[in-house]
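Please work through the exercises below with the sequence and the coordinates open beside you. Each one sets a task and is followed by a solution that proceeds step by step.

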Amino acid sequence: MNNQNQNRRDFLKTSAAAVAGSSVPFWFHIDPASAYKFKASNDRPVVGCIGTGSRWNAVGPNAMKYGDVIAVCDVDAAHANKAHDKVKDIQGKKGNNKEVAVFEDYRKILDNPDIDIVTIVTTDHWHTKIAIEAMKAGKDVYCEKPLTLTIDEGKQIIKALKETGRVFQVGTQQRSEMGQRFLNALGVIKEGRLGDITEVECVIGGVGPSGSIPVADVPKTLNWEKWLGQAPLTDYRWKAGEGEKGRPKTRGHYEFRWWYEYSGGKMTDWGAHHVDIAQWGIGMDHSGPTQVIPISAEHPIPLKNGMPTKDDAYNVASKFEVQCNFPNDVKMTIKSEGRNGILFTGTKGRMFVSRGDLTGKPVEDLKDNPLSSDTIKKLYKGRQPGDHMRNFFECVEAREQPISDVMTHHRAITTCHLANIAIRLNRSLEWDPKTEQIIGDDEANQWQSREQRKGYETNA
């Protein structure tokens, strides 16, 4: 038996025994510094990074804790070159001075047989194509959320995952981190301290209108045609300093989230987090709603048959409220207005959880009656929570699916996609979570997929 695997098994046995024999407090938290060191420095997984914009500045350095990056890729040379310098700096301080290749074409990374793992931190509409090709190239995948642009893309990724047997982690860090408030909230539900859950409310925020954004010259570092990929060809637009947190308003970097051509607005951007936790909490993480009912929605520009009628402004919903009814008689509301977070209502009380708070009478009771030492660990598939990236690399070694697996993420993001279809078409949808089809509405069913520009089709 490999000594490293033996050491790892010994570590897990020792850790499990220690937890079982201790009085674990309500705030069940594992110090990442005490975690198993994934591999020896001279035998670490080799990583290629596809997409190196703002979000990569968190994902990339986290991956470098457990693997060695030898290549970065971005269709914006400015992003790719900054990432190259960051990798050289971080790894150089650890004595790793290997060369780091820089590419515009992600296929150069997939073609490299030395690369074991890829991180995908691109715009949402590129996730599926790259992820499927990466799995077929024999790579394990860490991909940021939301994983898909359409419901059909999720089905295609699951098909490729089953065919290739790769390990795949989705970047929904609330399942692992954020002070583990979400895991503790799920522990409260798991132990029955809220009774039977009857309602859950997810507040995920809205998007302000952009107004008209003028056509602008494409930055010299950016390959705009490749950035668009499967999306229709269109003009690049940019306006200085008026976007979220003072960012430029644009069709491009970061603000792509507010265009239906590339994303799903707050419904998928934050829904990928809160709806995921909510469906996990109500036991519907492998199922879905049976009804999706649009209560209200406002779009910053008019829609016709669900499609934007202007191409110069943000077009995702700015305000919305959608009701989702699940087969276990739980009603979920997804809304833009209110306090960001998740409110669970059960027969024994209510509980609110967000990235900064975990409150409610059942939570207060935990001070005198803490969660069982096994509850959180069972929720976390027997592993120790605290670091989403570490969980992925541990599962790569063990050849197991990690805590944010494709199957459960697909189910949660399907709910978000259905909610967007309902508000865009302005009508209720009947959904069969077993067959994954909209019932009695052929037009709405066609919205499970989108036409892809020639040359950029996804081949599952």
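## Exercise 1: A salt bridge across the chain

The model is predicted. Work out whether R55 is buried, partly exposed or exposed, and then do the same for its salt-bridge partner.

Solution. Begin with R55, which has a relative accessibility of 33%; because the partly exposed class lies between 20% and 50%, R55 counts as partly exposed. Next, identify the partner: the side chain of R55 meets that of E144 in a salt bridge, with 2.8 Å from N to O. This pair links distant parts of the chain, since R55 sits in the loop between β1 (46-50) and α2 (56-63), while E144 belongs to strand β5 (residues 140-144), 89 residues apart. Finally, classify E144, whose relative accessible area of 5% makes it buried. The bridge is one of 28 salt bridges that the structure holds.

## Exercise 2: Two further salt bridges

Determine where D269 and R257 lie, and then find which residues are linked with E394 in a network of salt bridges.

Solution. Take D269 and R257 to begin with: their side chains meet in a salt bridge at 3.3 Å, N to O. D269 is in helix α9 (residues 266-269), and R257 is in the loop between β9 (249-250) and α9, so that the pair links parts of the chain 12 residues apart. Both D269 and R257 are buried.

Turn next to E394, whose side chain forms a salt bridge with that of R383 (3.7 Å, N to O). Because E394 lies in helix α13 (residues 388-398) and R383 in the loop between α12 (375-379) and α13, the pair ties together parts that are 11 residues apart in sequence. The relative accessible area of E394 is 8%, so E394 is buried, and R383, at 7% relative accessibility, counts as buried too. The last step is to widen the view to the network of salt bridges, which links R383, R390, E394 and E400.

## Exercise 3: The surroundings of T250

Describe the setting of T250: which strand holds T250, and which backbone atoms does its side chain reach?

Solution. T250 is found in strand β9. With a relative accessibility of 3%, T250 falls under the 20% limit and therefore counts as buried. Now examine the polar partners of its side chain. A polar atom of the T250 side chain lies 2.8 Å from the backbone oxygen of R237, and the side chain also reaches the backbone nitrogen of G252 at 2.8 Å. To complete the picture, leave aside residues up to four places away in sequence; T250 then touches I213, Y236, R237, W238, E255, W259 and Y314.

## Exercise 4: Strand β4 and its partners

Establish how β4 pairs with β1 and with β5, and which way its side chains point.

Solution. Start with β1, which pairs with β4 in the parallel sense over four bridges; in this pairing, V47 has I117 of β4 as its bridge partner. Continue with β5, which runs parallel to β4 and is joined to β4 by four bridges, with Y142 of β5 as the bridge partner of T119. Then consider the directions of the side chains along strand β4 (residues 117-120): I117 and T119 point one way, V118 and I120 point the other way, and all are buried. To finish, follow the chain through helix α5 (residues 127-136), which together with β4 and β5 makes a right-handed β-α-β unit.

Key. Residues numbered from 1 in each chain as written. Predicted model: local features only at pLDDT ≥ 70, side-chain atom pairs only at ≥ 80, totals over all residues. Heavy atoms only, no water. Salt bridge = Lys/Arg side-chain N within 4 Å of Asp/Glu carboxyl O. Helix = DSSP H or I, 4+ residues; strand = E, 2+ residues; numbered from the N terminus. Buried < 20%, exposed > 50% of the residue type's maximum accessible area, 1.4 Å probe, protein only. Polar contact = N/O pair within 3.5 Å; in protein donor to acceptor, adjacent residues only side chain to side chain. Contact = heavy atoms within 4.5 Å. Pairing = 2+ DSSP bridges. Right-handed = clockwise from strand over helix to strand, strands pointing away.
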